[in-house]
Amino acid sequence: MKLLVAYIATSGGEDAVALGACLARTFDAELEICIVIPPEPAGADDAVERLSDALDSAARRWLDEAAARLPDDIETTTTIAEHANPAEGLIIEARRTSSDILVIGGAGGGISGRHTLGTVVNDILHSSPIPVAVAPPGFAHLGADEVREITVTIGDRPGAPLLFETAIRSGIRAHRPIRLVSILAIDDMQPWRNVPEDTAIESARAHAQRALDEARTQLPENFPVTSTVAQGSTIEEAVEALEWHDGDVVMVGSSRLAAPNTLFLGSTAAKILRAVSVPMIVVPKGTD
C-alpha cells in the first residue's frame, strides 16, 4: 500500500506528515512525501534560473527535515514534482506512483482541531481520483500514532457501495474496529416528504441495522463492527453528539455530483468536516 503526502513547510504540511505516519503505521504502508514547485520558465534568464535553483534547494531541505522527523519503522521516500498547478501536480504524482491515498493538511490558522481548507486542498477535494485523507489543524502535536477506530457515514446515495467496500477493506487490512453511522439531521429533512420525526428516526435505525448486517457478511467472524444513529437538529450537531476518541478517523463518500471514479466533496461531507476534530478520509464516487 502506498500513501502520498502533500507537503509544504507550514503547520498544515507538518499535520499532513503526521497523519501520513499514523496511517502508514496502521495500514503497514509505504510513505512518499511530495513537494510541488513551479517549473522553470522556458528561456529563463540567469536571475530566474538562480531563483529556480534556490527554490529546488529549499524544497529538498524541507523534505529532508520532514523525513528526519519520522520514526525509523516507517518506510519513507521524498519527491520534488514540478507543475504550475500544485493540486494537479499532486494528482499526477499520485497516479504516477499508483498511490492508494493522498494525505493533505488544512490551511492552518483555524481553531485548533478544526479543519480549515486552503485553495489547493479544496481543489484536491473536488478532483482527486483516489481517496484523500485530511489532517485537522494541530494533528502534528496532538494526533495519535495509530488509528483506533474507523467511523463510516453510511447512506443510500450513489457512491455509497464503494464507500462501504473501502471501509470494509480498510478495517480488515488494519485490524481496526468499524463504526457505521447513519446521520439524521431533523432540520435538514426535506419538508415536501412530510415524514414524521419518529418515522425518520426509525428509518435511520433500520438503515443502520441493514448496513451492520451487510458488513457482518463481508467481515471475518467476530470482527468488531457496530452501528449507530447520529441524531441532531443539524448535521453538525448530530456529528458532534457522537463520541470521539484519539485515534479515530471518519470516512465519507463523495457528492452525487462527482464524476465516476472522482472525488467531489459534497455539502454533507463539508459540514461533517467542519464539525469533527479527527482526520477525515473522503472516498471517490464509484462507477455505479
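These are my notes on the overall build of a predicted model and on some of its salt bridges.

**Entry 1: the whole chain**

I started with the secondary structure. I found 9 helices and 10 strands in the protein chain. Next I looked up burial: of the 288 residues, 47% count as buried. For the surface, I noted that the chain exposes about 13800 Å². Carbon and sulfur atoms supply 49% of that exposed area.

Then I turned to contacts. I took the ones between residues at least 6 apart in sequence, and 78% of them join residues at least 24 apart.

**Entry 2: salt bridges, and a pair across the chain**

How many salt bridges does the structure hold? I got 9. I went through some of them one by one.

One of them pairs Asp73 with Arg25, and the closest N and O atoms are 3.3 Å apart. I checked where the two sit. Asp73 is in the loop between helix H2 (46-68) and strand E3 (76-82), while Arg25 belongs to helix H1 (residues 11-27). They are 48 residues apart, so I wrote this down as a link between distant parts of the chain.

Buried or exposed, what is Asp73? I have it as exposed, with a relative accessible area of 54%. Arg25 comes out as partly exposed, at 24%.

**Entry 3: a pair inside one helix**

Next up was Arg96 with Glu93, another salt bridge, with 2.7 Å between the closest N and O atoms. Both residues are in helix H3 (residues 86-96). Why are they about one helical turn apart? Because they are 3 residues apart in that helix.

I also compared their accessibility. Arg96 is exposed, with a relative accessible area of 56%. Glu93 is buried, with just 5%. I noted the cut-offs here: buried means under 20% and exposed means over 50%, so Arg96 and Glu93 fall into opposite classes.

**Entry 4: a pair that belongs to a network**

Last, I looked at Glu149 and Arg148. Their side chains meet in a salt bridge, 3.3 Å from N to O. Glu149 counts as buried, with a relative accessible area of 12%. Arg148 counts as partly exposed, at 36% relative accessibility.

Which residues join these two in a network? I found Arg179 and Asp248. Salt bridges with shared partners tie Arg148, Glu149, Arg179 and Asp248 together into one network.

Note on methods. Residues numbered from 1 in each chain as written. Predicted model: local features only at pLDDT ≥ 70, side-chain atom pairs only at ≥ 80, totals over all residues. Heavy atoms only, no water. Helix = DSSP H or I, 4+ residues; strand = E, 2+ residues; numbered from the N terminus. Buried < 20%, exposed > 50% of the residue type's maximum accessible area, 1.4 Å probe, protein only. Contact = heavy atoms within 4.5 Å. Areas by Shrake-Rupley, 256 points an atom, 1.4 Å probe, with all protein chains shown as cover. Salt bridge = Lys/Arg side-chain N within 4 Å of Asp/Glu carboxyl O.
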